[in-house]
Amino acid sequence: MGNAMTALPNELSFFYNPAGLSFAEQNYVNSSFDSRFDIAGLSTASLSASFQTSGLTIAAGAERFGDRLYNENKAGVAVSKNTGLVSLGIKASYLGSYAENITSSATLLTEFGVMAKLHSQVNMGFHAQNLTGARLVDGQKLPTTLRLGLAFLPIKQVAISAETAYTLQHKPFFRAGLEYAMKENLFLRTGINTQIKTNHFGIGYAYKQWQIDYAANTHPALGLSHHISLNLKWQKK
């Protein structure tokens, strides 16, 4: 869906907007693998889990990007509070980078998110990453990114999302996505991302508490990227 997930609560909210964790209907464990443009060293693996209590939703997760020569590893914890029509979320992560025989460093990365139900069919989401200006290698400041998005669910089978993202000292960009449920357990998806000029396509299939999703995106110069994820859901108490 073009990674336009800021206003959509789902199993990836831990990575896109922690506020969405409290709006999810079930607890879950999610694992995924992303291979970008079939280039060695540009792959990401992730794992996350969420559990809802009577007052808060707590989630933990980790992801690894890169290979043996250079890699970035991040592990964090998120907490989300649902107040009814509005959900708030915060996340803190330990981020470390390693370049073989060159350098290694680590820092604390923070995130903040808000998600609101403007209408029974409309959500709005806001997500901010690295407002504290954390630095990593040789004091280099990590990017501060702000994202604002809307999600529209006109009928049960359709979800439309769109958002704009802004990284300080860069131009804002736009991304959008569409999901259509052909059947109760079969999903088709598409999306665009204007920052890296990619078109996105995907399919998902759910069986009982399991769901598997595959997606691909195309870049005019670099070619195909592939993404696959596996989710395990169970009813909250």
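Is Ser 225 buried or exposed? In this predicted model, Ser 225 is buried, because its relative accessible area is 2% and the cut-off for buried is under 20%. The residue belongs to strand E14. The side chain of Ser 225 has a polar atom that lies 2.9 Å from the backbone nitrogen of Phe 37. Once neighbours within four places in sequence are set aside, the residues in contact with Ser 225 are Ser 35, Arg 36, Phe 37, Ala 215, Ala 216 and Asn 217.

The strand that holds Ser 225 can now be placed among its partners. Strand E14 covers residues 223–235 and pairs with E13 in the antiparallel sense, over ten bridges. One position to look for in the structure above is Thr 218, which stands opposite Leu 224 in E14. The link from E13 to E14 is a hairpin with three residues. Strand E13, residues 210–219, is also joined to strand E12, residues 198–207; these two run antiparallel and share nine bridges. Here Gly 204 stands opposite Asp 213 in E13. The hairpin of E12 and E13 has two residues between the strands, and in this hairpin Lys 208 takes a positive phi near 55°.

What lies on the surface of this part of the model? A nonpolar patch is found there, with about 1,100 Å² of accessible area in total. Its members are Phe 33, Tyr 180, Met 182, Leu 188, Ile 203, Tyr 205, Tyr 207, Trp 210, Ile 212, Tyr 214, Ile 228 and Leu 230. Two or more of these residues come from each of strand E10 (173–183), E12, E13 and E14. As a general point, side chains in a regular strand alternate between the two faces of the sheet. Leu 188, one of the patch residues, is located in strand E11, residues 186–193. With a relative accessibility of 35%, Leu 188 is classed as partly exposed.

A second set of paired strands appears earlier in the sequence. Strand E3 (residues 57–66) and strand E4 (residues 70–82) run antiparallel and are joined by ten bridges. Thr 57 is found opposite Ser 80 in E4, and a hairpin of three residues connects E3 to E4. Strand E4 then pairs with strand E5 (residues 86–99), again in the antiparallel sense, over 13 bridges. Within this pair, Gly 76 faces Ser 93 in E5 as its opposite residue. Three residues sit between the strands in the hairpin of E4 and E5, where Gly 84 takes a positive phi near 120°.

Ala 62 gives a closer view of this region. This residue is part of strand E3 and is partly exposed, at a relative accessible area of 33%. Ala 62 and Tyr 94 are separated by 32 residues in sequence, while their C-alpha atoms are 9.4 Å apart in space. If residues up to four places away in sequence are not counted, Ala 62 touches Phe 15, Ala 45, Ser 46, Leu 47, Lys 74 and Ala 75.

Lys 74, one of the residues touched by Ala 62, leads on to the charged side chains. The model has eight salt bridges. In one of them, the side chains of Lys 74 and Glu 63 meet at 3.5 Å, N to O. Because Lys 74 lies in strand E4 and Glu 63 in strand E3, this pair ties together parts that are eleven residues apart in sequence. The two partners fall into separate classes of accessibility: Lys 74 counts as buried at 16%, whereas Glu 63 is partly exposed at 23%.

Another salt bridge brings together the side chains of Glu 11 and Lys 233, with 3.0 Å from N to O. Glu 11 lies in the segment before helix H1 (13–16) and Lys 233 in strand E14, so parts 222 residues apart in sequence are tied together by this pair. Glu 11 and Lys 233 are both buried.

Arg 147 and Glu 163 form a further salt bridge through their side chains, at 3.3 Å from N to O. Since Arg 147 is in strand E8 (residues 145–152) and Glu 163 is in strand E9 (residues 158–167), the pair ties together parts that are 16 residues apart in sequence. Arg 147 and Glu 163 are buried as well. These two residues are linked with Arg 175 in a network of salt bridges.

Terms used
Residues are numbered from 1 along each chain as its sequence is written. This is a predicted model: local features need pLDDT of at least 70, side-chain atom pairs count only at pLDDT 80 or more; totals for chains, interfaces and linings use all residues. Side-chain values use heavy atoms; hydrogens and water are left out. Two strands pair if DSSP finds at least two bridges between them. Helices (H or I, at least four residues) and strands (E, at least two) are DSSP runs, numbered from the N terminus. Buried means under 20% relative accessible area, exposed over 50%, partly exposed in between (1.4 Å probe, protein chains only). A polar contact is a pair of N or O atoms within 3.5 Å; within protein, one must be able to donate a hydrogen and the other to accept it, and residues adjacent in sequence count only if both atoms are side-chain atoms. Contact means heavy atoms within 4.5 Å. Patches are made of residues with over 30% relative accessible area and no salt bridge: like charges are joined within 9 Å, nonpolar side chains (Val, Leu, Ile, Met, Phe, Trp, Tyr) within 5 Å. Accessible areas come from the Shrake-Rupley method with a 1.4 Å probe; for residues, only the protein chains shown count as cover. A salt bridge is a side-chain nitrogen of Lys or Arg within 4 Å of a carboxyl oxygen of Asp or Glu.
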